[in-house]
Amino acid sequence: MQMNVTYTSFVAVGDSFTEGMSDGLPDGSYRGWADLLAARLAARTPGFRYANLAVRGKLIGQIADEQSAPAAALGADLVTLVGGLNDVLRPKCDVDEVCARLAEAADRLAPSCKQLVLMRSPGRRGPVLERFRPRMEQLFSFVDELAERHGALVVDLFGAEVLGDARLWADDRLHLNAEGHRRVAEAVWQALGHEAGSDWREALPPAVRPGWASRRAADARFTREHLVPWIGRRLTGRSSGDGRTGAHFSADLGRAFWVTPAADGAGPGEVAAWLRAEG
């Protein structure tokens, strides 16, 4: 592909993975790989604009219905679309329908941008991954087909051994931690043709297995703080994304908006401090 392409605008579409959970900032907000990538792109391009429409807990049908049209309306140079994993991790799932809704979103987004990026999402090693591996592999095979159809890039995170390491995942065991998000940002950066800043596939040092008491305490904390609330939402038909909109979506106006770094010569800084772009 062409190297060092200049992108003047970037829209991110998806669920909690793209929203940035669980790369937490001191103010309680999330950063994540998409914000990290936006900041790096902004450092190369004055007047760079960015919009993150991703919302935690969203299924692929909701992403297609709620995010794809507002994202397409922005006409960004670069669009990332990641979704479907929340669907395939549910007890019952029609993977063919998930693929169809993913295709619907991609079909809407691809003509609106210069470069569409799709991903094979990362998976934390363990029994949950193995239980749902056939569904995930079916979905990711279809991602490859979609990419060929639209000339999209595919970033293969699922195939990266290091991203299965539990040390790159948050305590909830569902989302990447800060280092995991940093590696994803680097992976997308390189896929776009930019010079590598680091080896995002580099393995972590050998792990020291925690003692029995530490493992049991971690399991108890995970069950209390994450698993029980998750089960409660499933039983009551609620989602962690209920009532939420993307960081750069105006519910009042019913449309997405851009943010851009403050023009103070101090560099792009954290996206959370960027200003809303007019026009």
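The following legends describe an overview and several close-up views of a predicted model.

**Figure 1. Overview of the predicted protein model and its overall composition.** The secondary structure consists of nine helices and nine strands. Of the 279 residues in the protein, 49% are buried. Among contacts between residues at least 6 apart in sequence, 74% join residues at least 24 apart. The accessible surface amounts to about 13500 Å², and carbon and sulfur atoms account for 52% of that surface. The whole structure contains 17 salt bridges, whereas a search for disulfides finds zero.

**Figure 2. Close-up of the surroundings of aspartate 35 in helix α2.** Helix α2 spans residues 32–42 and includes aspartate 35. Aspartate 35 is buried and yet has no salt bridge. The nearest side chain of opposite charge belongs to arginine 31, at 6.8 Å; a salt bridge would require a nitrogen-to-oxygen separation within 4 Å. The side chain of aspartate 35 instead makes a polar contact of 2.6 Å with the side chain of tyrosine 50. When residues up to four places away in sequence are not counted, aspartate 35 touches Tyr30, Tyr50, Asn52 and Val271. Tyr50 thus appears both in this list of touching residues and as the partner in the polar contact.

**Figure 3. Close-up of the salt bridge between glutamate 186 and arginine 40.** The two side chains meet at a distance of 2.7 Å, taken from N to O. This pair links distant parts of the chain, 146 residues apart: glutamate 186 belongs to helix α8 (residues 178–191) and arginine 40 to helix α2. Glutamate 186 counts as buried because its relative accessibility is 3%. Arginine 40, at 26% relative accessibility, counts as partly exposed.

**Figure 4. Close-up of the salt bridge between aspartate 156 and arginine 120.** The N to O distance between these side chains is 2.9 Å. Aspartate 156 is located in strand β5 (residues 153–156) and arginine 120 in strand β4 (residues 115–120), so the salt bridge ties together parts that are 36 residues apart in sequence. Aspartate 156 has a relative accessible area of 27% and is therefore partly exposed. Arginine 120 is buried, its relative accessible area being 18%.

**Figure 5. Close-up of the salt bridge between glutamate 137 and arginine 133 within helix α7.** The side chains of glutamate 137 and arginine 133 meet at 3.6 Å, N to O. Both residues lie in helix α7 (residues 127–150), and their spacing of four residues corresponds to about one turn of the helix. Glutamate 137 is partly exposed at 40% relative accessibility, and arginine 133 is also partly exposed, at 25%. Elsewhere, salt bridges that share partners join Asp23, Arg31 and Glu270 into one network.

**Figure 6. Close-up of cysteine 99, together with a note on cysteine 113.** The search of the whole structure finds zero disulfides. Cysteine 99 accordingly takes part in no disulfide, and the nearest cysteine sulfur, that of cysteine 93, is 8.6 Å away. For a disulfide, the two sulfur atoms would have to lie within 2.5 Å. Cysteine 99 has a relative accessibility of 5% and therefore counts as buried. Cysteine 113 likewise counts as buried, with a relative accessibility of 13%.

Terms used: Residues are numbered from 1 along each chain as its sequence is written. This is a predicted model: local features need pLDDT of at least 70, side-chain atom pairs count only at pLDDT 80 or more; totals for chains, interfaces and linings use all residues. Side-chain values use heavy atoms; hydrogens and water are left out. Buried means under 20% relative accessible area, exposed over 50%, partly exposed in between (1.4 Å probe, protein chains only). Helices (H or I, at least four residues) and strands (E, at least two) are DSSP runs, numbered from the N terminus. Lys and Arg count as positive and Asp and Glu as negative; His and the chain ends are not counted. A polar contact is a pair of N or O atoms within 3.5 Å; within protein, one must be able to donate a hydrogen and the other to accept it, and residues adjacent in sequence count only if both atoms are side-chain atoms. Contact means heavy atoms within 4.5 Å. Accessible areas come from the Shrake-Rupley method with a 1.4 Å probe; for residues, only the protein chains shown count as cover.
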